[in-house]
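Work through the exercises below with the model in view. Try each task before you read its solution.

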Amino acid sequence: LGGWSRKIVRSSKSAAAIMSGSRGSQASRSVFVGNIPYNATEEQLEDIFRAVGHVVSFRLVKNSDTGQPKGFGFCEFRVIQITTCSL
């Protein structure tokens, strides 16, 4: 995943702030992650996001008919403040 992983960790911090802010008072520990390479695994993505904070899980959304990844997913962090921080 190389350069993609470095880019996503940097952008995920600011995206997390935007995503959590859109929910109003319903704060979430999950962050939407888009533009994921189709060959990425949930385990690889969990490893990447551990650079941001403690990851509870990463869920890749898959096509229900084919089982192939759709290119986006959700990262759940243990601490809600991780999703609201921005660098």
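**Exercise 1. A residue at the surface**

Is Glu76 buried, partly exposed or exposed?

*Solution.* This is a predicted model, so every value here is computed from predicted atoms.
Step 1: take the relative accessible area of Glu76, which is 21%.
Step 2: apply the cut-offs. Buried means under 20%, and exposed means over 50%.
Step 3: conclude. Glu76 is partly exposed.

**Exercise 2. The partner of Glu76**

Find the residue that forms a salt bridge with Glu76, and place both residues in the chain.

*Solution.*
Step 1: look for the charged partner. Glu76 forms a salt bridge with Arg29. Their closest N and O atoms lie 2.6 Å apart.
Step 2: check the cut-off. A salt bridge needs a side-chain nitrogen of Lys or Arg within 4 Å of a carboxyl oxygen of Asp or Glu.
Step 3: place the residues. Glu76 sits in strand β3, residues 69-77. Arg29 sits in the loop between α1 (2-21) and β1 (30-33). The two are 47 residues apart, so the pair links distant parts of the chain.
Step 4: check the exposure of the partner. Arg29 is partly exposed, at 35% relative accessibility.

**Exercise 3. A small network**

How many salt bridges does the model hold, and which residues are linked in a network?

*Solution.*
Step 1: count. There are three salt bridges.
Step 2: start from Arg50. The side chain of Arg50 meets that of Glu46 at 3.4 Å, N to O. The side chain of Arg50 also meets that of Asp47, at 2.3 Å.
Step 3: join the pairs. Glu46, Asp47 and Arg50 are linked in a network of salt bridges.
Step 4: compare with the cut-offs. Arg50 is partly exposed at 45%, while Asp47 counts as exposed at 51%.
A general point fits here: side chains of opposite charge can pair when their charged atoms come close.

**Exercise 4. The order of elements**

List the helices and strands along the chain.

*Solution.*
Step 1: count the elements. The chain has three helices and three strands.
Step 2: read along the sequence. The pattern is α-β-α-β-β-α.

**Exercise 5. The sheet**

In what order do the strands lie in the sheet, and in what sense do they pair?

*Solution.*
Step 1: pair β1 with β3. They run antiparallel over four bridges. In this pair Phe32 stands opposite Phe74 in β3.
Step 2: pair β2 (residues 55-62) with β3. They are antiparallel too, over six bridges. Here Arg59 stands opposite Phe74 in β3.
Step 3: assemble. The three strands form an open sheet in the order β1-β3-β2.
Step 4: find the edges. β1 and β2 each have a single partner strand, so one side of each is left without a neighbour in the sheet.
Step 5: add the twist, which averages 20° from one strand to the next.
Step 6: add the helix. α2 packs on the sheet and touches β1, β2 and β3. The direction of α2 makes about 135° with that of β2.

**Exercise 6. The core**

Which residues have the most contacts inside the largest nonpolar core?

*Solution.*
Step 1: size the core. It has 14 residues.
Step 2: name those with the most contacts inside it. They are Val33, Ile36, Leu45, Phe49, Phe58, Cys75 and Phe77.
Step 3: trace the suppliers. β1, α2 (42-49), β2 and β3 each give at least two residues to this core.
Step 4: set the core against the whole chain. Buried residues make up 34% of the 87 residues.

**Exercise 7. Positive phi angles**

Where does Asn35 lie, and what is the sign of its phi?

*Solution.*
Step 1: recall the rule. Most residues other than glycine have a negative phi.
Step 2: locate Asn35. It lies in the loop between β1 and α2.
Step 3: read the angle. Asn35 has a positive phi of about 60°, although it is not a glycine.
Step 4: check exposure. At 65% relative accessibility, Asn35 counts as exposed.
Step 5: look at a glycine. Gly67 takes a positive phi near 80° in the hairpin of β2 and β3. That hairpin has six residues between the strands.

Definitions and conventions: Residues numbered from 1 in each chain as written. Predicted model: local features only at pLDDT ≥ 70, side-chain atom pairs only at ≥ 80, totals over all residues. Heavy atoms only, no water. Buried < 20%, exposed > 50% of the residue type's maximum accessible area, 1.4 Å probe, protein only. Pairing = 2+ DSSP bridges. Core = buried A, V, L, I, M, F, W, Y, C linked by side-chain atoms within 4.5 Å. Axes fitted to C-alpha atoms, helices over the stretch in contact; angles between N-to-C directions. Contact = heavy atoms within 4.5 Å.
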